Amino acid sequence: MLRKIVMILIMVFSSVIMGCERMQVPLIPVKGTLKVGVLQPPSYYPSYTKGVELAQAEINQSGGILGMDVALVQRDERTDTFAETLTEFVEVEKVVGLIGPVFSSHAVRIAPDLQLPILAGATDANRVTQTNDFIFLVGGSNALHAQHIAQFAVSQLRSQTAAMVWQADDVYSMGLVDAFDVRFQELSGDIVGRHTYQVGATTFTEQLTSIHALQPDVVFLASFPPEVPLFIEAARDMGIESVFIGGDGMEDPENMLGTLTDNTPLEGTYYTTNLDLTSDNPNIRQFTDAYQSEYGETPDGVAASGYDALHLLKVAIEAAGTTEPVAVRDALAKVTNYSGATYIANFDVNRHPVKGVGIMKIENGMIAPHTFVSQDAPNASE
(Lines give C-alpha, C1' and ligand atoms only; values in the text may rest on other atoms or scores of the structure.)
Protein backbone atom coordinates (compact mmCIF):
# COMPACT_ATOMS: atom_id res chain seq x y z
CA MET A 1 0.00 0.00 0.00
CA LEU A 2 2.80 2.41 0.92
CA ARG A 3 4.55 1.70 -2.38
CA LYS A 4 1.32 2.44 -4.26
CA ILE A 5 0.88 5.77 -2.48
CA VAL A 6 4.48 6.75 -3.29
CA MET A 7 3.96 5.92 -6.96
CA ILE A 8 0.80 8.02 -7.09
CA LEU A 9 2.62 10.99 -5.50
CA ILE A 10 5.44 10.69 -8.01
CA MET A 11 2.96 10.71 -10.88
CA VAL A 12 1.16 13.76 -9.51
CA PHE A 13 4.45 15.61 -8.94
CA SER A 14 5.63 14.76 -12.45
CA SER A 15 2.42 16.06 -14.00
CA VAL A 16 2.81 19.34 -12.11
CA ILE A 17 6.39 19.75 -13.33
CA MET A 18 5.36 19.00 -16.94
CA GLY A 19 2.51 21.46 -16.63
CA CYS A 20 4.90 24.16 -15.42
CA GLU A 21 6.83 23.79 -18.63
CA ARG A 22 3.76 24.78 -20.61
CA MET A 23 2.34 27.60 -18.54
CA GLN A 24 3.40 30.67 -16.56
CA VAL A 25 3.33 30.00 -12.84
CA PRO A 26 2.83 32.78 -10.31
CA LEU A 27 6.05 34.42 -9.20
CA ILE A 28 7.09 33.79 -5.61
CA PRO A 29 8.98 36.66 -3.97
CA VAL A 30 12.57 35.79 -3.19
CA LYS A 31 14.71 37.37 -0.51
CA GLY A 32 17.93 39.06 -1.57
CA THR A 33 19.03 41.81 -3.92
CA LEU A 34 19.38 42.39 -7.63
CA LYS A 35 22.49 44.29 -8.65
CA VAL A 36 22.20 46.84 -11.44
CA GLY A 37 25.24 48.59 -12.90
CA VAL A 38 25.20 52.37 -13.37
CA LEU A 39 27.71 54.34 -15.44
CA GLN A 40 28.05 58.05 -14.70
CA PRO A 41 30.61 60.25 -16.47
CA PRO A 42 32.51 62.29 -13.86
CA SER A 43 31.85 66.04 -14.07
CA TYR A 44 29.09 65.64 -16.66
CA TYR A 45 25.31 65.19 -16.44
CA PRO A 46 25.11 64.55 -12.66
CA SER A 47 21.31 64.46 -12.87
CA TYR A 48 21.52 61.09 -14.65
CA THR A 49 22.45 59.13 -11.53
CA LYS A 50 20.08 61.23 -9.43
CA GLY A 51 17.25 60.02 -11.64
CA VAL A 52 18.40 56.40 -11.29
CA GLU A 53 18.65 56.70 -7.50
CA LEU A 54 15.16 58.20 -7.27
CA ALA A 55 13.80 55.26 -9.27
CA GLN A 56 15.70 52.83 -7.03
CA ALA A 57 14.11 54.31 -3.91
CA GLU A 58 10.61 54.08 -5.42
CA ILE A 59 11.11 50.52 -6.63
CA ASN A 60 12.44 49.27 -3.31
CA GLN A 61 9.68 51.02 -1.38
CA SER A 62 7.11 49.24 -3.55
CA GLY A 63 8.53 45.74 -3.05
CA GLY A 64 11.55 45.67 -5.36
CA ILE A 65 11.81 43.54 -8.49
CA LEU A 66 10.57 39.95 -8.22
CA GLY A 67 10.45 40.54 -4.47
CA MET A 68 14.12 41.57 -4.30
CA ASP A 69 15.58 44.97 -3.51
CA VAL A 70 17.61 46.75 -6.18
CA ALA A 71 21.24 47.50 -5.31
CA LEU A 72 23.07 49.97 -7.57
CA VAL A 73 26.69 49.31 -8.46
CA GLN A 74 27.94 52.72 -9.56
CA ARG A 75 31.14 53.32 -11.52
CA ASP A 76 32.69 56.29 -13.29
CA GLU A 77 32.22 56.23 -17.05
CA ARG A 78 35.79 56.76 -18.19
CA THR A 79 37.37 56.03 -21.55
CA ASP A 80 40.56 54.53 -20.14
CA THR A 81 38.77 52.06 -17.84
CA PHE A 82 35.57 51.43 -19.79
CA ALA A 83 36.35 47.85 -20.88
CA GLU A 84 37.55 46.84 -17.43
CA THR A 85 34.43 48.32 -15.83
CA LEU A 86 32.15 46.27 -18.09
CA THR A 87 34.10 43.14 -17.22
CA GLU A 88 33.76 43.90 -13.51
CA PHE A 89 30.01 44.43 -13.83
CA VAL A 90 29.50 41.08 -15.54
CA GLU A 91 32.09 38.77 -13.99
CA VAL A 92 32.49 40.17 -10.48
CA GLU A 93 29.33 42.06 -9.56
CA LYS A 94 26.97 39.82 -11.58
CA VAL A 95 24.66 42.70 -12.46
CA VAL A 96 21.34 41.88 -14.12
CA GLY A 97 21.34 45.02 -16.27
CA LEU A 98 23.26 48.18 -17.07
CA ILE A 99 22.02 51.78 -16.88
CA GLY A 100 24.29 53.80 -19.18
CA PRO A 101 26.70 54.59 -20.68
CA VAL A 102 25.80 58.23 -21.22
CA PHE A 103 28.31 58.93 -23.97
CA SER A 104 27.70 57.44 -27.41
CA SER A 105 31.46 57.19 -28.03
CA HIS A 106 31.60 54.69 -25.16
CA ALA A 107 28.41 52.81 -26.08
CA VAL A 108 29.78 51.90 -29.50
CA ARG A 109 32.71 50.16 -27.79
CA ILE A 110 30.48 47.55 -26.13
CA ALA A 111 31.34 44.10 -27.46
CA PRO A 112 28.69 42.62 -29.79
CA ASP A 113 28.64 39.36 -27.83
CA LEU A 114 27.99 40.93 -24.41
CA GLN A 115 24.63 39.52 -23.31
CA LEU A 116 23.38 42.04 -20.76
CA PRO A 117 20.28 44.26 -20.96
CA ILE A 118 21.64 47.78 -21.48
CA LEU A 119 19.48 50.89 -21.22
CA ALA A 120 21.79 53.55 -22.55
CA GLY A 121 21.84 57.25 -21.81
CA ALA A 122 23.62 57.60 -25.15
CA THR A 123 21.41 58.76 -28.02
CA ASP A 124 23.34 58.20 -31.24
CA ALA A 125 20.87 56.67 -33.70
CA ASN A 126 23.26 55.47 -36.34
CA ARG A 127 25.69 53.28 -34.45
CA VAL A 128 24.89 52.65 -30.77
CA THR A 129 22.14 50.06 -31.05
CA GLN A 130 23.83 48.47 -34.06
CA THR A 131 26.80 47.68 -31.82
CA ASN A 132 24.99 45.13 -29.69
CA ASP A 133 21.38 43.90 -29.90
CA PHE A 134 20.95 44.13 -26.12
CA ILE A 135 21.27 47.94 -26.17
CA PHE A 136 18.13 50.10 -25.97
CA LEU A 137 18.01 53.88 -26.12
CA VAL A 138 15.88 55.52 -23.43
CA GLY A 139 16.12 59.12 -24.58
CA GLY A 140 15.03 59.99 -28.10
CA SER A 141 17.70 59.30 -30.69
CA ASN A 142 19.94 62.14 -31.84
CA ALA A 143 18.35 61.85 -35.28
CA LEU A 144 14.95 62.46 -33.72
CA HIS A 145 16.25 65.50 -31.79
CA ALA A 146 18.09 66.90 -34.80
CA GLN A 147 15.01 66.67 -36.98
CA HIS A 148 12.87 68.44 -34.39
CA ILE A 149 15.32 71.30 -33.88
CA ALA A 150 15.68 71.70 -37.66
CA GLN A 151 11.90 71.88 -37.98
CA PHE A 152 11.78 74.40 -35.13
CA ALA A 153 14.50 76.55 -36.72
CA VAL A 154 12.59 76.78 -40.00
CA SER A 155 8.98 76.95 -38.83
CA GLN A 156 9.34 78.95 -35.60
CA LEU A 157 12.57 80.93 -36.03
CA ARG A 158 11.99 81.47 -39.77
CA SER A 159 15.58 80.47 -40.48
CA GLN A 160 16.81 80.09 -44.04
CA THR A 161 20.54 79.65 -43.42
CA ALA A 162 22.48 77.68 -40.81
CA ALA A 163 26.07 76.96 -39.85
CA MET A 164 26.90 73.74 -38.00
CA VAL A 165 29.59 73.32 -35.34
CA TRP A 166 30.48 70.04 -33.67
CA GLN A 167 33.12 68.25 -31.60
CA ALA A 168 35.53 66.46 -33.91
CA ASP A 169 35.56 62.64 -33.85
CA ASP A 170 32.61 62.39 -31.45
CA VAL A 171 30.00 59.76 -32.30
CA TYR A 172 27.03 61.68 -30.88
CA SER A 173 27.99 64.99 -32.47
CA MET A 174 28.55 63.53 -35.93
CA GLY A 175 25.24 61.68 -35.87
CA LEU A 176 23.44 64.84 -34.81
CA VAL A 177 24.88 67.04 -37.57
CA ASP A 178 24.25 64.40 -40.22
CA ALA A 179 20.54 64.31 -39.35
CA PHE A 180 20.24 68.09 -38.97
CA ASP A 181 22.01 68.63 -42.30
CA VAL A 182 19.54 66.41 -44.16
CA ARG A 183 16.39 67.70 -42.46
CA PHE A 184 17.25 71.41 -42.67
CA GLN A 185 17.88 71.14 -46.40
CA GLU A 186 14.69 69.09 -46.88
CA LEU A 187 12.89 72.11 -45.41
CA SER A 188 14.56 74.35 -48.02
CA GLY A 189 17.21 75.67 -45.64
CA ASP A 190 20.80 76.26 -46.72
CA ILE A 191 23.80 74.98 -44.74
CA VAL A 192 26.40 77.72 -45.23
CA GLY A 193 29.15 76.49 -42.95
CA ARG A 194 30.49 73.32 -41.34
CA HIS A 195 33.05 73.61 -38.55
CA THR A 196 34.63 71.32 -35.96
CA TYR A 197 36.64 71.87 -32.79
CA GLN A 198 38.67 69.59 -30.53
CA VAL A 199 37.34 68.52 -27.15
CA GLY A 200 38.58 70.89 -24.44
CA ALA A 201 38.97 73.84 -26.83
CA THR A 202 38.69 77.31 -25.30
CA THR A 203 39.30 79.49 -28.37
CA PHE A 204 37.36 79.32 -31.64
CA THR A 205 38.78 82.16 -33.72
CA GLU A 206 38.96 80.32 -37.04
CA GLN A 207 35.40 78.97 -36.85
CA LEU A 208 33.91 82.24 -35.65
CA THR A 209 35.68 84.35 -38.27
CA SER A 210 34.00 82.29 -40.99
CA ILE A 211 30.59 82.40 -39.27
CA HIS A 212 30.88 86.17 -38.73
CA ALA A 213 31.40 86.71 -42.45
CA LEU A 214 28.32 84.63 -43.31
CA GLN A 215 25.99 85.74 -40.46
CA PRO A 216 23.70 82.68 -40.74
CA ASP A 217 20.23 82.86 -39.23
CA VAL A 218 21.06 80.03 -36.81
CA VAL A 219 24.19 78.28 -35.61
CA PHE A 220 23.55 74.63 -34.76
CA LEU A 221 25.89 73.48 -31.99
CA ALA A 222 26.00 69.68 -32.00
CA SER A 223 28.10 69.96 -28.94
CA PHE A 224 28.48 69.93 -25.17
CA PRO A 225 29.23 72.32 -22.34
CA PRO A 226 31.60 73.74 -21.28
CA GLU A 227 32.67 74.40 -24.89
CA VAL A 228 29.15 75.57 -25.86
CA PRO A 229 28.92 78.57 -23.50
CA LEU A 230 32.52 79.53 -24.28
CA PHE A 231 31.78 79.39 -28.01
CA ILE A 232 28.61 81.49 -27.70
CA GLU A 233 30.33 84.09 -25.53
CA ALA A 234 33.16 84.46 -28.05
CA ALA A 235 30.60 84.71 -30.87
CA ARG A 236 28.72 87.53 -29.18
CA ASP A 237 31.99 89.35 -28.46
CA MET A 238 32.76 89.17 -32.19
CA GLY A 239 29.36 90.62 -33.08
CA ILE A 240 27.67 87.47 -34.36
CA GLU A 241 23.91 87.88 -34.02
CA SER A 242 22.78 84.39 -35.09
CA VAL A 243 20.42 82.39 -32.88
CA PHE A 244 22.19 79.44 -31.27
CA ILE A 245 20.41 76.10 -31.21
CA GLY A 246 21.50 72.61 -30.18
CA GLY A 247 20.61 69.06 -29.24
CA ASP A 248 20.21 67.33 -25.89
CA GLY A 249 23.98 67.20 -25.43
CA MET A 250 23.59 70.77 -24.18
CA GLU A 251 21.24 69.59 -21.42
CA ASP A 252 23.72 69.91 -18.57
CA PRO A 253 22.50 72.91 -16.52
CA GLU A 254 25.44 72.89 -14.13
CA ASN A 255 27.96 73.29 -16.94
CA MET A 256 25.76 75.36 -19.27
CA LEU A 257 25.02 78.01 -16.63
CA GLY A 258 28.10 77.50 -14.46
CA THR A 259 30.90 78.05 -16.98
CA LEU A 260 30.65 81.80 -17.65
CA THR A 261 30.86 84.55 -15.07
CA ASP A 262 28.01 86.33 -16.86
CA ASN A 263 25.45 84.25 -18.77
CA THR A 264 24.02 87.16 -20.73
CA PRO A 265 25.53 85.87 -24.01
CA LEU A 266 23.47 82.68 -23.66
CA GLU A 267 20.13 84.52 -23.74
CA GLY A 268 17.86 83.19 -26.46
CA THR A 269 19.69 79.87 -26.90
CA TYR A 270 17.49 76.84 -27.64
CA TYR A 271 18.19 73.12 -27.24
CA THR A 272 16.23 69.87 -27.20
CA THR A 273 15.09 67.73 -24.28
CA ASN A 274 13.22 64.49 -23.56
CA LEU A 275 11.24 65.88 -20.63
CA ASP A 276 7.96 67.78 -20.88
CA LEU A 277 7.96 70.03 -17.82
CA THR A 278 4.61 71.52 -18.85
CA SER A 279 2.78 68.19 -18.97
CA ASP A 280 -0.33 67.41 -16.93
CA ASN A 281 0.41 63.67 -17.12
CA PRO A 282 0.21 62.48 -13.48
CA ASN A 283 3.23 60.19 -13.84
CA ILE A 284 5.39 62.98 -15.20
CA ARG A 285 4.18 65.33 -12.46
CA GLN A 286 4.90 62.67 -9.85
CA PHE A 287 8.47 62.37 -11.14
CA THR A 288 9.13 66.11 -11.31
CA ASP A 289 7.63 66.70 -7.84
CA ALA A 290 9.57 63.80 -6.29
CA TYR A 291 12.83 64.93 -7.91
CA GLN A 292 12.31 68.51 -6.75
CA SER A 293 11.55 67.31 -3.23
CA GLU A 294 14.56 64.98 -3.08
CA TYR A 295 17.21 67.19 -4.66
CA GLY A 296 15.86 70.73 -4.36
CA GLU A 297 16.13 71.37 -8.10
CA THR A 298 14.08 71.03 -11.26
CA PRO A 299 14.84 67.81 -13.16
CA ASP A 300 16.04 67.81 -16.75
CA GLY A 301 15.70 65.30 -19.58
CA VAL A 302 18.91 63.55 -18.55
CA ALA A 303 17.48 62.87 -15.09
CA ALA A 304 14.31 61.58 -16.74
CA SER A 305 16.34 59.14 -18.86
CA GLY A 306 18.12 57.71 -15.82
CA TYR A 307 14.84 57.40 -13.93
CA ASP A 308 13.00 55.76 -16.83
CA ALA A 309 15.88 53.37 -17.55
CA LEU A 310 15.65 51.64 -14.17
CA HIS A 311 11.86 51.55 -14.21
CA LEU A 312 11.92 50.04 -17.70
CA LEU A 313 14.35 47.37 -16.52
CA LYS A 314 11.89 46.52 -13.71
CA VAL A 315 9.00 46.34 -16.20
CA ALA A 316 10.94 43.99 -18.46
CA ILE A 317 12.26 41.68 -15.73
CA GLU A 318 8.82 41.29 -14.20
CA ALA A 319 7.23 40.71 -17.60
CA ALA A 320 9.83 38.03 -18.33
CA GLY A 321 9.53 36.55 -14.84
CA THR A 322 13.30 36.09 -14.81
CA THR A 323 16.58 37.98 -15.02
CA GLU A 324 17.81 35.77 -17.87
CA PRO A 325 19.30 38.32 -20.34
CA VAL A 326 17.66 37.15 -23.57
CA ALA A 327 14.23 36.97 -21.93
CA VAL A 328 14.64 40.47 -20.47
CA ARG A 329 15.82 41.87 -23.81
CA ASP A 330 12.82 40.36 -25.58
CA ALA A 331 10.48 41.76 -22.93
CA LEU A 332 11.99 45.23 -23.33
CA ALA A 333 11.38 45.07 -27.07
CA LYS A 334 7.68 44.43 -26.40
CA VAL A 335 7.15 47.35 -24.00
CA THR A 336 4.30 49.60 -25.11
CA ASN A 337 2.69 52.72 -23.65
CA TYR A 338 5.27 53.13 -20.91
CA SER A 339 4.49 56.18 -18.81
CA GLY A 340 7.06 57.38 -16.31
CA ALA A 341 9.14 60.55 -16.36
CA THR A 342 8.52 60.44 -20.11
CA TYR A 343 6.06 58.60 -22.33
CA ILE A 344 7.36 55.88 -24.68
CA ALA A 345 4.81 54.51 -27.13
CA ASN A 346 7.07 51.57 -28.01
CA PHE A 347 10.57 50.69 -29.17
CA ASP A 348 11.06 50.60 -32.92
CA VAL A 349 12.95 47.89 -34.82
CA ASN A 350 16.24 49.63 -34.01
CA ARG A 351 15.41 49.65 -30.26
CA HIS A 352 14.94 53.43 -30.30
CA PRO A 353 12.05 54.80 -28.23
CA VAL A 354 9.09 56.35 -30.05
CA LYS A 355 8.55 59.46 -27.96
CA GLY A 356 8.26 63.23 -28.00
CA VAL A 357 10.90 65.94 -28.03
CA GLY A 358 10.85 69.29 -26.25
CA ILE A 359 12.65 72.58 -26.80
CA MET A 360 14.23 74.44 -23.88
CA LYS A 361 15.17 78.13 -23.92
CA ILE A 362 17.67 80.12 -21.87
CA GLU A 363 15.82 83.24 -20.81
CA ASN A 364 16.54 85.76 -18.05
CA GLY A 365 19.50 83.66 -16.98
CA MET A 366 17.33 80.59 -16.46
CA ILE A 367 16.53 77.44 -18.45
CA ALA A 368 12.81 77.11 -19.10
CA PRO A 369 10.58 74.89 -21.27
CA HIS A 370 9.59 76.53 -24.55
CA THR A 371 7.58 73.90 -26.42
CA PHE A 372 7.04 70.15 -26.65
CA VAL A 373 6.08 67.96 -29.62
CA SER A 374 4.60 64.67 -28.48
CA GLN A 375 4.89 62.68 -31.70
CA ASP A 376 8.09 61.31 -33.19
CA ALA A 377 9.61 62.96 -36.24
CA PRO A 378 9.30 61.14 -39.60
CA ASN A 379 12.14 58.80 -40.55
CA ALA A 380 13.81 59.45 -37.20
CA SER A 381 15.46 56.04 -37.03
CA GLU A 382 16.76 55.86 -40.58
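Helices α6 and α7 sit oblique to each other in this predicted model. Their axes are 8 Å apart and make an angle of about 40 degrees, and oblique here is whatever is left once under 35 degrees is called roughly parallel, over 145 roughly antiparallel and 65 to 115 roughly perpendicular. Axes are lines fitted to C-alpha atoms, for helices over the stretch in contact, with angles from 0 to 180 degrees between N-to-C directions.

A word on the ground rules. This is a predicted model, in which local features need pLDDT of at least 70 and side-chain atom pairs count only at pLDDT 80 or more, while totals for chains, interfaces and linings use all residues. Residues are numbered from 1 along each chain as its sequence is written, and side-chain values use heavy atoms, with hydrogens and water left out. Helices (H or I, at least four residues) and strands (E, at least two) are DSSP runs numbered from the N terminus.

**The helix pair**

Back to α6 and α7: the crossing of α6 past α7 is right-handed, meaning that the near helix is turned clockwise from the far one by less than a right angle (anticlockwise would be left-handed). Which residues of α6 and α7 meet? On the α6 side they are N142, A143, A146, Q147, I149, A150, Q151, A153 and V154, and on the α7 side Y172, G175, L176, A179, F180, R183 and F184; contact means heavy atoms within 4.5 Å.

R183, which belongs to α7, is worth a click. Is R183 buried or exposed? R183 counts as buried because its relative accessibility is 18%, and the cut-offs are under 20% for buried, over 50% for exposed and partly exposed in between (1.4 Å probe, protein chains only). Its side chain also makes a polar contact of 3.0 Å with the side chain of E186. A polar contact is a pair of N or O atoms within 3.5 Å; within protein, one must be able to donate a hydrogen and the other to accept it, and residues adjacent in sequence count only if both atoms are side-chain atoms.

**The seven-stranded sheet**

Seven strands make an open sheet with mixed pairing, ordered β7-β6-β8-β9-β10-β13-β14. Its edges are β7 (190-197) and β14 (366-373), each of them pairing on one side only. On average, neighbouring strands in this sheet are turned by 25 degrees against each other, direction ignored. Two strands pair if DSSP finds at least two bridges between them.

Take β6 (residues 161-167) and β8 (residues 218-222): they run parallel, joined by five bridges, with V165 opposite L221 of β8. Both helices from above pack on this sheet. Helix α6 (residues 142-155) touches β8, β9 (243-246), β10 (270-273), β13 (357-363) and β14, and its direction makes about 60 degrees with that of β13. Helix α7 (residues 171-186) touches β6, β7, β8 and β9, at about 170 degrees to β6.

How well covered is β13? Mostly: six of its seven residues are buried. One antiparallel partner of β13 is β10, through four bridges, where T272 is matched with I359. β14 also pairs with β13 in the antiparallel sense, over seven bridges, with I362 matched to I367. β13 and β14 form a hairpin with two residues between them, and N364 in that turn has a positive phi of about 55 degrees.

**The five-stranded sheet**

The other open sheet described here has five strands in parallel pairing, in the order β2-β1-β3-β4-β5. Here the edges are β2 (69-76) and β5 (135-137), each pairing on one side only. β1 (residues 33-40) and β3 (residues 98-99) pair over two bridges, and V38 has I99 as its bridge partner. Helix α3 (residues 82-93) packs on this sheet against β1, β2 and β3, its direction about 155 degrees from that of β2.

**Odd spots in the backbone**

Most residues other than glycine have a negative phi, and most peptide bonds are trans. Which bonds are cis? One joins G100 and P101, with omega about 5 degrees, and P101 is in the loop between β3 and α4 (104-107). Another joins P225 and P226, with omega about 10 degrees; P226 is in the loop between β8 and α9 (227-238). Positive phi turns up at L66, near 55 degrees, and at R351, near 65 degrees.

Here are three buried residues with their places.

| Residue | Place | Relative accessibility |
|---|---|---|
| S47 | helix α2 (residues 47-61) | 7% |
| R351 | loop between β12 (343-346) and β13 | 14% |
| L66 | loop between α2 and β2 | 16% |

Leaving aside residues up to four places away in sequence, S47 touches Y291, D300, V302 and A303.
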